[in-house]
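Welcome! Here are a few short exercises to work through with the structure in view. Try each one yourself before reading the solution.

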Amino acid sequence: MNGKLIVFEGVEGCGKTTQMQLCCQWLQSAGVSVVMTREPGGTELGLHLRRLLLEKSDNKPIAELTELLLYAADRAQHVAQELKPNLARGKFILCDRYTDSTIAYQGYGRGLSMDIINQLNDIATGGLESDLTIWLDVDAEVGLSRKRGEEVGLDRIEQEAIAFHRRVQQGYAELAASQPARIFRVDGSLDKETVQLTIQEILRDRLSSWNKI
Ligand SMILES: Nc1ncnc2c1ncn2[C@@H]1O[C@H](COP(=O)(O)OP(=O)(O)OP(=O)(O)O)[C@@H](O)[C@H]1O
Ligand SMILES: [Mg+2]
């Protein structure tokens, strides 16, 4: 049986990691074979790229096109090494960020050409789309203030101006509106348990239509 690719998307601090972990526990307790992964950094090579992409660079900024290509390289490796083999094994993959992040961040956030972004997404994925994307909808300010409450400092992307994060958030809103069958909006501003129950409802619905449980 073919596996499924479930992606979690949203601005910094919207709750992706928190909700993925809760989903993983819930699915495993229902007997589903789950793999958790992320972009960037879902492979050994990708971990090197993740460090390059997220570390603070005070005096040698990464050019916007270079950034786009590094994310594409990370994705190509991730698709080849992790996503396709695990889907072929029938795994249920929970993935932290995928192609929609590039559209939201490099497209809406940075203003790079959507045409080039779409082409690169196609090349990197070989056409592999998510079966379902959960967009955790949280205001950019709320997400960032959650991150500021944590011990670790903000990474290179989190340090971008608030206007950048607002454009990213707008990007997600437009993506979700344009692809309602694939991208599900979940109100991520509610408490963790309520958000999780909403996601479980969506997944339960999908799982029964996929005849998984
Ligand atoms: N629904 C929620 N309400 C309040 N705080 C939350 C909620 N969900 C997560 N948090 C807290 O907000 C912070 C960010 O959550 P989390 O790491 O899950 O977000 P993320 O989307 O994975 O962030 P990043 O983009 O940095 O990976 C954490 O401290 C987490 O405990
Ligand atoms: Mg996270």
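**Exercise 1. Find the loop that holds Pro-40, and describe the peptide bond leading into Pro-40.**

Step 1. Please keep in mind that this is a predicted model. Pro-40 lies in the loop between E2 and H2.

Step 2. Now look at the bond that joins Glu-39 to Pro-40: its omega is near -10°, and the bond is cis.

Step 3. For context, most peptide bonds are trans.

**Exercise 2. Which side chain does Glu-39 meet in a salt bridge, and which parts of the chain does the pair link?**

Step 1. Glu-39 pairs with Arg-75, with 2.6 Å from N to O.

Step 2. Place both partners: Glu-39 belongs to the loop between strand E2 (34-38) and helix H2 (44-54), while Arg-75 is in helix H3 (residues 64-88). The two are 36 residues apart, and the pair links distant parts of the chain.

Step 3. To widen the view, the whole structure has 11 salt bridges.

**Exercise 3. Describe the surroundings of ligand 1, starting with its pocket.**

Step 1. Ligand 1 takes up the space of the largest pocket.

Step 2. There are 16 residues around the ligand, and those that come nearest are Lys-16, Thr-17, Thr-18, Lys-147 and Leu-190.

Step 3. Sort the shell by type: 9 residues are charged, 5 polar and 2 nonpolar.

Step 4. Trace the shell back to the helices. Helix H1 (16-29) and helix H6 (140-148) each provide at least two residues, and H1 gives the largest share, with 3 residues.

**Exercise 4. Which atoms of ligand 1 come within 3.5 Å of polar protein atoms?**

Step 1. Begin with the backbone: a polar atom of Gly-15 is 3.0 Å from an oxygen of the ligand.

Step 2. Turn to side chains. An N or O atom of Arg-146 is 3.3 Å from a ligand nitrogen, and one of Glu-158 is 3.3 Å from a ligand oxygen.

Step 3. Finish with the surface: ligand 1 taken alone exposes 630 Å², of which the protein buries 77%.

**Exercise 5. Where is Arg-97, and what is the sign of its phi?**

Step 1. Arg-97 sits in the loop between strand E3 (92-96) and helix H4 (99-109).

Step 2. Its phi is near 75°, a positive value.

Step 3. Compare that with the general pattern: most residues other than glycine have a negative phi.

Terms used: Residues are numbered from 1 along each chain as its sequence is written. Chains are lettered from A and ligands numbered from 1 in the order in which they are written. This is a predicted model: local features need pLDDT of at least 70, side-chain atom pairs count only at pLDDT 80 or more; totals for chains, interfaces and linings use all residues. Side-chain values use heavy atoms; hydrogens and water are left out. A residue is near a molecule or strand if one of its heavy atoms lies within 4 Å of it. A polar contact is a pair of N or O atoms within 3.5 Å; within protein, one must be able to donate a hydrogen and the other to accept it, and residues adjacent in sequence count only if both atoms are side-chain atoms. Accessible areas come from the Shrake-Rupley method with a 1.4 Å probe; for residues, only the protein chains shown count as cover. On a 1 Å grid over the protein atoms alone, a cavity is a set of points where a 1.4 Å probe fits but cannot get out, and a pocket is an open set with protein on both sides within 12 Å along at least five of seven lines; lining residues have an atom within 4 Å of a point. A molecule sits in a cavity or pocket if more than half of its atoms lie within 2 Å of its grid points. Helices (H or I, at least four residues) and strands (E, at least two) are DSSP runs, numbered from the N terminus. Ala, Val, Leu, Ile, Met, Phe, Trp, Tyr, Cys and Pro count as nonpolar, Asp, Glu, Lys and Arg as charged, and the others, Gly among them, as polar. A salt bridge is a side-chain nitrogen of Lys or Arg within 4 Å of a carboxyl oxygen of Asp or Glu.
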